[in-house]
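Reader: Could you take me through the aromatic rings in this one, up close? I'd like the charges sitting over rings too, so start there.

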Amino acid sequence: MKQLGRRFDAYQSFLLGCKSYWSGSLYPQLKIESGDLKPEDIDASKSSSVTYQYYAFLERHLQRMKYSGRYGIAPMHEPFRDEFEEWLDQPLPKNLLSLDADCTPPAYFTEIDIHQHPGGTCGDTLAGVIYDRGSRSMWPGRSKDRGLHGRFNAVVKETCEPHNILDLGCGFGKSTQPFTIDFPKAQVTGIDISVPCLKFAAVTANEENIQNIGYRQSRAEETPFPPTSFDLVTSTMLLHEMPPKAIRATAKEAFRLLEAGGYTIHLDYLADDDPFNRFIHYGHGQRNNEPYMRPLNEMDLGSTLRECGFEDIKIMPFEEAPNALSPANDSWRFPWVVVVGRKP
Ligand SMILES: C[S@@+](CC[C@H](N)C(=O)[O-])C[C@H]1O[C@@H](n2cnc3c(N)ncnc32)[C@H](O)[C@@H]1O
């Protein structure tokens, strides 16, 4: 990975320190203070609570500074634009990357700067490079690790041993590549609407000489693959980026793509019905430019899968890091869940 200089490293590690304070000190304090409130008062308390105002300010602005501040990820890549573009456009082996000029990203995705990423994750040619850097830089406790996807694959392994895997919304390949390690005999295909992310995924797969992988530009709601092409259709952190209508279309498409006995398994976020947890989660969606987090939480995902024909549906809490679900852990965390359905 290209070094962007000591100023960049110092600035980003300062932000990481602030984020650790936010998640490990400010969030537990807010939770203690909210404990005295009646559930119906939690929402209204936000205007008067200084702790909450500080919490919300830091959540919004640390992320903004990470991407767009003076030493933010986006401006710090600008001097190296030509170098990155040349790297992304290098010739690749046949079938590793298939782009489709007719696949336009949906307006629900392009009209917002998702995660406060300037221009979103499919606009600029460097969006994949910037997204990759962003995913490493600012989660206290797991800034550089890719363990999350390995832990997800362990849950997948408890359910099935797939041979033909489709990873919906594969991004820059962070979710797709671990399948090639955990299921070495499987053929793995990643699809996404973002050309800059797909190029990043394909170039890094090529550099790592991964053979059983392919990337394709496509919407999850409507893919170019024939029926029954896969025995696992999966996604990580895709569903909360889609409005309910697109989620329903994606579930229907997953059913069409699966062979009988195949599984659809998704890793995403669903806050439980604790009013404080919901308040925090919905606020995160607003502050981080993720407007479909709340609609996903409010729709009945289990019923959606059932209506598409899936059986044996399960929605289970997911422990994204060691001891994350322990009662002793009082830090902020996403309300991770794994959602499973089987095609009869
Ligand atoms: C939060 S990222 C997750 C990426 C990857 N799965 C991971 O775990 O790192 C969500 C990805 O979904 C993609 N996406 C959003 N809507 C999509 C759609 N309708 N069809 C396909 N991909 C989509 C975005 O471009 C983005 O790369």
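Author: Sure, let's start with K19, which lies over the face of W22, 4.8 Å from the ring centre. A charge sits over a ring here if NZ of Lys or CZ of Arg is within 6 Å of the ring centre and within 35 degrees of the ring normal. K343 does it as well: its charged end is over the ring of F255, 4.6 Å from the centre.

Bear in mind that this is a predicted model, where local features need pLDDT of at least 70, side-chain atom pairs count only at pLDDT 80 or more, and totals for chains, interfaces and linings use all residues. Residues are numbered from 1 along each chain as its sequence is written, and side-chain values use heavy atoms, with hydrogens and water left out.

Back to W22: it belongs to one aromatic cluster, whose members include Y27, Y55, F276 and W332. Across the whole structure, a search turns up 20 aromatic pairs (Phe, Tyr and Trp rings, the six-membered one for Trp, with centres within 6.5 Å; planes under 30 degrees apart are stacked, over 60 edge-to-face, the rest tilted). Take Y11 and Y71: their centres are 5.7 Å apart and their planes at 65°, so they meet edge-to-face. Y11 is in helix 1 (residues 6-34), while Y71 is in the loop between helix 2 (50-68) and helix 3 (73-77), 60 residues apart. Helices here are DSSP runs of H or I, at least four residues, numbered from the N terminus. Y11 is buried, at 14% relative accessible area (buried means under 20%, exposed over 50%, partly exposed in between, with a 1.4 Å probe and protein chains only).

Y27 and Y55 have centres 6.4 Å apart and planes at 40°, so that pair is tilted. Y27 lies in helix 1 and Y55 in helix 2, so the pair ties together parts 28 residues apart in sequence. Both Y27 and Y55 are buried.

Methods:
Helices (H or I, at least four residues) and strands (E, at least two) are DSSP runs, numbered from the N terminus.
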